[in-house]
Every structure is written in structure tokens, then in C-alpha cells.
2 protein chains.
Amino acid sequence: MARLPLYYRALLEITERDVETTSSERLAELAGVNAAQVRKDLSYLGSYGTRGVGYEVAFLVERISSELGLTQDWPVAIVGVGNLGQALANYRGFGARGFRVLALVDEDPAKVGGKVGDLEIQALDDLPELVRERGITIGIVATPAAAAQSVADRLVAAGVRSILNFAPAVVAVPDGVSLRKVDLATELQILSFYQSHLRSKAKAG
Amino acid sequence: MARLPLYYRALLEITERDVETTSSERLAELAGVNAAQVRKDLSYLGSYGTRGVGYEVAFLVERISSELGLTQDWPVAIVGVGNLGQALANYRGFGARGFRVLALVDEDPAKVGGKVGDLEIQALDDLPELVRERGITIGIVATPAAAAQSVADRLVAAGVRSILNFAPAVVAVPDGVSLRKVDLATELQILSFYQSHLRSKAKAG
DNA sequence: CGGTGTGAAGCCTTTCACAGCA
DNA sequence: TGCTGTGAAAGGCTTCACACCG
């Protein structure tokens, strides 16, 4: 369920305010969705609310953490150390929630051996070894479009089962591998579309 | 229509191969969607296909460009010049399609006056002036979560009607303003969810 | 009372299937 | 014959509305 991370964030916010209990309505507001939807989503995890009262914040945080698999660390490899790859490597938002960038890989021999923070950039051929030794479970593709499919193939071959693709290209993966994409140019084009048509309400996708 | 950018990209790929005509099936493959969907989407722009033959590539590129508003330049301002903001400022993928980063803004006085590439970082208070003078139409929010809402408010107040939010926070905007969000931590959490549940097929969202 | 849990309705998107035209 | 354009069916997701319980 793609909304769990939203609820998770909302609950953390509530926690910071030392509130012990919350309602679906309050959660809905913080997550920017409908209250009935919150209840339906949460009921999918089990009946953890108290009628007339609401949900116990601490318990729910625990429950969602476990559902999202945030109780353990997930070693991440970034392939393609250009502008974007470097920024992602330095981005603090990842480490905060158990995602640790433990490998940087680039095709360009001139970049191999260089460092970003504490991490050394390694060659594409080292991927299988890196995945094995560092327990990499998630691969981030931050290469140009042309390289994306072949990089994804090599990640899969190395044993990675989750891929986040930033390259502006359609990538195919075998069954059993999860793929998500973030396409910056597409996002801007969608905004441009709405701007041209003077409509309102681009969905926050 | 959120799939137009995909078709656009697919068509550009086809153009590079000097192919003059293409079918919905071929487009579907390149865009990673269903063929019937391609036809339905394109028919929404008008009946530009030839039965028994397919679509004329050059014409369709033209038509979609105009629909997406890519025939003109869109000046962009980036607010928040941390790791991510800097990377976005340097990212070539934007400029390629008419999105020009013409302003960098940061709240931190220590950063104001600094440079990223040719652009000088300016103060938040300069936003209205920047928007007016440089014709900014799109604002990119690359601040920490806590600042996101207030930055968005200031962008809107300055006259910006399209916002792309990278901060991990829910942001509200008035009617008439388009908002899209890109949440890196959420994407990873969704992958983590699928990984924990050993399922396949995370939708490429 | 107040707020959850949930069947049912409603809405929107995707897919099918095929008529119709070059 | 081949591929588009599109009505109709299917499916999925969201919202409503309310029974039920603390």
C-alpha cells in the first residue's frame, strides 16, 4: 500500500508533539487524504483502533514500521555517480530511515577510485561482489537513459530485487523484481501541461 | 494526461532511427503500456492516425509538444540549495526540454551570494522580484520538510502557479495552483515494503 | 456520544473486442 | 489486409453512510 509511508510520516509528526492517541480524521488531514480511506487502509493491517477514541500512536508507528520493513537496515547501491547520483549519495533523508548507501558504482573508468564522502566509487564489474559482500538489496539507477536498461539487468543478475530508476527511460525487469521510477523531466512536463491549459489541481503523484 | 511525456519520449527515440511512421503497438512497447491505451490517449488529441498504417511520427511529436507546452521555455526557480537543490540546478535533463533554471533561492544568509554554475544564490525575500523579472513559472521546493509549506506559500504569493515538491512533507496550495511531489524516502519505503513481503510487481509510479 | 470498521455505491481508468476505413 | 478509433465490459480505487462498540 503506497500510502503507508504517508501515514508513517504523519504519525512521527504526531509523536513529536507527545500526543498518545489520534483519530482517522486527524491522520487524514496530515497525510492529505480522505478519513474513510485512512480507516480502510489501517483496518487492512488489523483492527487496531478503539471506537470512540481513535488509534494509539506509538503502537501504530510500530505496526507500520514492521509492515514497511523499516525495523531493519536496507543496504543500497547507487549506480551512476553524476550530479544526481552524488546528490543522492549525500542525501540525508535516506539514512534517517534505515536506508544506507553502501556502494557507489560507475561505468566511467575515470570516476572509479574517486570518493564521495567515505565511499569509493567502484566499477560496474564489481557489482556482483558488492551485492554479495555488503548485502545490497536495493539498487538506485542514476545513469543516463541509454544505460538504464543494461544497468538494471546487471543489478538483477547480481541478485538485487528492488530497483529505483531515475533515468528517463522505460526499464523492464523480470517477475519477482520490484521497480519504481522517478522521472524529473516528466514531472516538469506535467506541470507545463497544466500551466498551458490553465487548469488547476495537478494530482500530487 | 500523465502519459503524454512517455509517448513524447518514445516518439523522440523513434525519430532518431529515421522511421517516419509507427503503430500504437510499437509505441505501447516503448512506453511500457497497453496498445489500446495508446490509441485511446492519442485519439483524445484528435484523429491523427491512418488506419492500416499507423501514426506519422514527426506530426505526432509536434502535436504532443504543443499539448505539453514544450514549444516555449519555462523559467524555473529552485528554493533550497542543499545537496538536492544543487544537483537539480546542475541537472542537464531539465534544460534539454525547455526548462531553464533561472533562479536559486535559499533561506540561509550564509549561502546567499554563493554561486552554483553561473547562478547566484539569492534570499527568500527576493522571490517576488525574481519571479517578476525573470518570468518564473515553475518553483521547485528542495528544502527540509519543516520549511516546505512556508516556502510553497511564498512561491504562490510571488505568483508561481506550478510547484514541484521534493520535501518529505504534505503541502497544501490554493485552487488554481498545480502541485506535484517527488518523495525519495517514500519510494524507498515502498520498495522496502515489497521486499519484506517478497511480492513482485511494484507499480512503476 | 464519538469514532472505528465495513458493505455498498459511485467514479474513474484500463482493457477488450470489433466495426470501419485506407 | 492491417491498424485505428471507440462503444461496452471489466476492474480497481475512493467515497459514502451507517451499524456497532467502547
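## Reading the model

A polar contact here is a pair of N or O atoms within 3.5 Å; within protein, one must be able to donate a hydrogen and the other to accept it, and residues adjacent in sequence count only if both atoms are side-chain atoms. This is a predicted model, where local features need pLDDT of at least 70, side-chain atom pairs count only at pLDDT 80 or more, and totals for chains, interfaces and linings use all residues. Residues are numbered from 1 along each chain as its sequence is written, chains are lettered from A and ligands numbered from 1 in the order in which they are written, and side-chain values use heavy atoms, leaving out hydrogens and water.

## Around DNA strand D

Let's start with strand D, which has 22 residues around it (a residue is near if one of its heavy atoms lies within 4 Å). The closest include A:Arg51 and B:Tyr55.

Two side chains reach bases of strand D: a polar atom of A:Arg39 lies 3.2 Å from a base nitrogen, and one of B:Lys40 lies 3.1 Å from a base oxygen. B:Gly49 uses a backbone N or O atom, 2.9 Å from a phosphate oxygen.

## Around DNA strand C

Now to strand C, also with 22 residues around it, A:Ser24 and B:Gln37 being among the nearest. Sugar and phosphate make up 59% of the strand C atoms within 4 Å of the protein.

Here, a polar side-chain atom of A:Lys40 sits 3.1 Å from a base oxygen. On the backbone of strand C, A:Tyr55 places a polar side-chain atom 2.8 Å from a phosphate oxygen.
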